[in-house]
Every structure is written in C-alpha cells, then in structure tokens.
Amino acid sequence: MADQQFDIVVLGGGSAGYAAAIRATQLGFSAAVIEKDKLGGTCLHRGCVPTKALLHAAEIADVAREGEHYGINTSLDGIDVARVNAFRENLVAGKFKGLQGLLKANKITVIAGEGKLTSPTTVQVGGDTITGKHIVLATGSYSRTLPGLEIGGRVITSEHALELQEVPQRVAILGGGVIGVEFASVWRSFGAEVTIIEGLPHLVPNEEESVSKQLERAFRKRGIDFKLGVRFKSVSQDANGVTVSLEDGATVSADYLLVAVGRGPVTQGLGFEEVGIEMDRGFVLANERLATNVPGVYAIGDIVPGLQLAHRGYQQGIFVAEEIAGLNPVVVEDVNIPKVTYCDPEIASVGLTEAKAREKFGAENVTSYEYNLAGNAKSSILGTAGTVKAVRVNDGPVVGVHMIGARMSELVGEAQLIVNWEAHPEDVAPLVHGHPTQNETIGETMLKLAGKPLHAI
Ligand SMILES: Cc1cc2nc3c(=O)[nH]c(=O)nc-3n(C[C@H](O)[C@H](O)[C@H](O)COP(=O)(O)OP(=O)(O)OC[C@H]3O[C@@H](n4cnc5c(N)ncnc54)[C@H](O)[C@@H]3O)c2cc1C
C-alpha cells in the first residue's frame, strides 16, 4: 500500500461507515474505508446479527417446549451450544462474505489497518498517508463498564457472552436496557436462572412506561427475576461463580455477571482532539447535518451522541454522502428512528411517548389509544399478549407508536412511515390491512383514533 487520495475517506467500516462509502460511490465519488478489524463492525460481528441468531434459536427452544399446547408432540431435549454457536458463526460468515462483495461491486477501496486522523484531510495508516477531500469519522463503540467494575473472568460483556461455550445455570445481568433484556431472554429460553439488576425503576426505561410494565409482567411469567431501582455496589468472583452486592444490602450469586450498562465511543487516541474536533466525554459533537466544527470532517454512527442503532448508522452514512454531494438530504431526528428490542416479547416503538407528547403539545391536545392484542386473531394464534399504543395530536398527526408482543419488530416499518409522514389516523384508517395479520393491530388502532373502531370498544 502507498499514499493514496480519495474524494471521501471513511474511518471505520461498521454499519455507518460502509453505508457512507456505498452512497458516496453511487454519487460518483471515489471512496476508501479504513477498517482495523472486519467490515461490518459491531452490528455484523458482535451485535445485531449474532444476537438475533441466538434469539431465533431461543424461540425454537420455546416452540419445542410448547408444541403440546398446539397438539404437536415435541419436547426440548437440550441445547447443543456448540451447534447453536456454529449456526450463529456460519450466518455471520455468510453475511460478511456478502458485504465484502458488495463493497467490491461498488468499487470502494478497503484499507486494512488502524487509522489515525492527522489533519482535517489525512488519515495515517501505518506508514501510509490516506488523503480525502472529505473525512467521515465512523469508529463506533465498545462495551462500557462502571468505575471500579473490572471486566474479566466471570464478569463479562456482550462480546464474551456471545462466545460462551455453555448455557450458564445462573446468570446475573447488570443493566435492564436493550442488550441486558435480550440476553436475559435468550438465556432463560435456554434454561438458565436469570436475574437482571437495573438502577432505574423499570426495565427498558427509555420505552413507554406501560410497555416497560408489560415486559416486567411477561418476564415474571417466564421466571426471569429482576431487581429494579437498586444500584450495583461490588462484585467478587472465584473459580465457581460471582457474587454481586447491591447498595440495598442484597446479593445475587451466579455463574457469570453480564455487564450491559451501555456503550462508549471509540475515539481515544485517534487524533480527533489534536485536529481540533469538538468532543464531549469521548463522543464527537456533530451538528444536525453531521458536520463537526472542523470543515470537511463529518461524524456518523455510534460516536455521535444519541441512539446507538445500526439503522441510524446506515441512515447517517447515506445522509453524509448526500450532504457532501450537495443534495440537501432530509434530517431524521433520533426520536423518529424506530427502536426494536428483540426479547420475548418483542418491543418496537417510534416517536414520542405519551408523556413526552403531552409535554410538547400540552396534555389537553394529545389523545392516545392502546389496542390489546387479545382482539387480534393472528396474535391469539401465536399465543402472544401485548398492546399497540398510538399517540396523536388532536386533529393532527400520529406522533408516537409503542408496541409489545411477539413479532412486533415486523410492524415498526408501518409505524415509522405513519409517524415520519406525519399521517393523521384519518389518513390511515381507510387503508386496508390483510387478515389475519398482526398488521391489523395498527389498522385497528388508527380506526379507533379516527373514531370508527372495528374490533375495539
Ligand atoms: C449485543 C449488541 C446487540 C445489538 N443489536 C442491535 C440491533 O438489533 N439493532 C440495531 O440497530 N443495533 C444493534 N446494536 C447496535 C449496533 O451494533 C451499533 O449501533 C452499530 O454497529 C453502530 O455502527 P457504527 O458503524 O457506528 O460502529 P461499529 O459497528 O462499532 O463500527 C465501527 C468500526 O470501526 C472500526 N474502527 C474503530 N477504530 C478504528 C480505527 N482507528 N481504524 C480503523 N478502523 C477502526 C471498528 O473495527 C469497527 O469495525 C447492537 C449492539 C450490540 C453490542
């Protein structure tokens, strides 16, 4: 490799970085992606894809257990962890191969190595200087821990959790956010005793409160234990397990402690500050058009404060390439990006919670309706409980949709169109949803808000 020049140089080949490069070359720019590990980043190798593979395996375990309920003679004989891991690894390997081909087909130059920003237009990779008219920073995130809580041995992060060669008998999880509840769900389905420790009063505390409460009910029913509103104090470990001490004096003993307390930005030592980029606690500050304070340097994905989601990364990657091309792309605020938690039951939401909508528009100007999945034939066939809640401004648009129940992730596409297109319930109500589908739950919610409920009172 030698010194090279491009229109756009992207530092980091995760969801955000490679999306930026693909859109850049579509727009006629030359683009390079510098990646120190594997293209696809956290999402493909350590995040979204492998965890969802595990969640699917977990669902199959539950289906096998529950076959009898449907008159099918199945039983769960056990979990072959080596084969579950092989399924996950093969899946990731296939997607990785596909992604490499995709970048090649888009004529993107992939430069292997650790890059360091050395000026607003240059990145150093080993002895080579890579120059870009524009630089896009996309170095992603890592699993954080708490001060004094050292990762190692039986105190693990999600990366280690994915690699476990056994189903733990008992596992403690610190953090009841997305990653914590997803692993809790998997391990419980695989037969482990699970205890979640969450400092805030609810699991998935960023969701609509009624959704959090329903998840807590569902987890209780599944035998997943959780301690809410209590803070972690310390942990000790030996060859056999961990003992977690909480500030209220309680202790939790387990084989492992999974630390799932959020993700920090990967920015340390990469030259960003030296080049004069404004930062906040390690995150790169970018304006709503994703430009940093240094002209020509942009930031996207998990290093930019806000939702840390792969599809936000894709959107920001596409956005930044179009912005550089002068296409004036539309800003999508974080609140209008769909969020999905893939535990059982699934949670999917977009837009404002009812409390936030009331704050923003005034309580008297907001109406909500919560449709119970019990009224939906397909949900009853699947044997799932839950709700679809929509929040509207009176005589105005739907500003939030919040769902819990099996397979709700598949409904969030329609929900995000409704919210982002600022549709009124009256716009959606005349449109037809196939029967019997879970999609009908959104149709029914809109019908009710439009004043003409069908399967609701
Ligand atoms: C367990 C888990 C489950 C998740 N599940 C979901 C989910 O279901 N849905 C969802 O939307 N999101 C999910 N996420 C979040 C999602 O993975 C991230 O939001 C997404 O990967 C962020 O993309 P990114 O491109 O900003 O960063 P990353 O994917 O972290 O990519 C950054 C890349 O930059 C590279 N890099 C860093 N520094 C350098 C350097 N100096 N030189 C060269 N290369 C460098 C890294 O090697 C990495 O490949 C999950 C995350 C985890 C941990």
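Analyst: Welcome! A helix is a DSSP run of H or I with at least four residues, a strand is a run of E with at least two, and both are numbered from the N terminus. Keep in mind that this model is predicted.

User: Thanks! With those names, where is Val204 found?

Analyst: Val204 sits in the loop that links strand S10 (193–198) to helix H7 (209–222). Its phi is near 30°, which is a positive value in a residue other than glycine.

User: What makes Val204 count as buried or exposed?

Analyst: The cut-off for buried is under 20% relative accessible area. Val204 has 3% relative accessibility, so Val204 counts as buried.

User: And how do you know whether Asn328 counts as buried or exposed?

Analyst: Exposed means over 50%. Asn328 comes out at 58% relative accessibility, so Asn328 counts as exposed. This residue is in the loop between helix H8 (310–324) and S20. Like Val204, Asn328 is a residue other than glycine with a positive phi, and for Asn328 the value is near 50°.

User: Why is strand S9 called largely enclosed by the rest of the structure?

Analyst: Let's count. S9 covers residues 170–174, and 4 of its 5 residues are buried, so the strand is largely enclosed by the rest of the structure. Here too, buried stands for under 20% relative accessible area.

User: How do you know that S9 and S10 pair?

Analyst: Pairing needs at least two bridges found by DSSP. S9 and S10 share 5 bridges, so they pair, and the two strands run parallel.

User: What about S9 and S15: which sense do they pair in, and over how many bridges?

Analyst: S9 pairs with strand S15 (residues 256–259) in the parallel sense, over 4 bridges. Against the cut-off of at least two, 4 bridges are enough, so this also counts as a pair. For a residue to look up in the structure, try Leu174: its bridge partner in S10 is Ile197, while its partner in S15 is Val259.

User: What kind of unit do S9, helix H6 and S10 make?

Analyst: They make a right-handed β-α-β unit, with H6 at residues 178–189. The crossover is called right-handed because, with the strands pointing away from the viewer, the path from the first strand over the helix to the second runs clockwise.

User: Finally, which peptide bond leading into Pro345 is cis, and what is its omega?

Analyst: That is the bond from Asp344 to Pro345, with omega near 5°. Pro345 is in the loop between strands S20 (339–341) and S21 (346–351). The bond from His435 to Pro436 is cis too, with omega near -5°.

Notes. Residues numbered from 1 in each chain as written. Predicted model: local features only at pLDDT ≥ 70, side-chain atom pairs only at ≥ 80, totals over all residues. Heavy atoms only, no water. Buried < 20%, exposed > 50% of the residue type's maximum accessible area, 1.4 Å probe, protein only.
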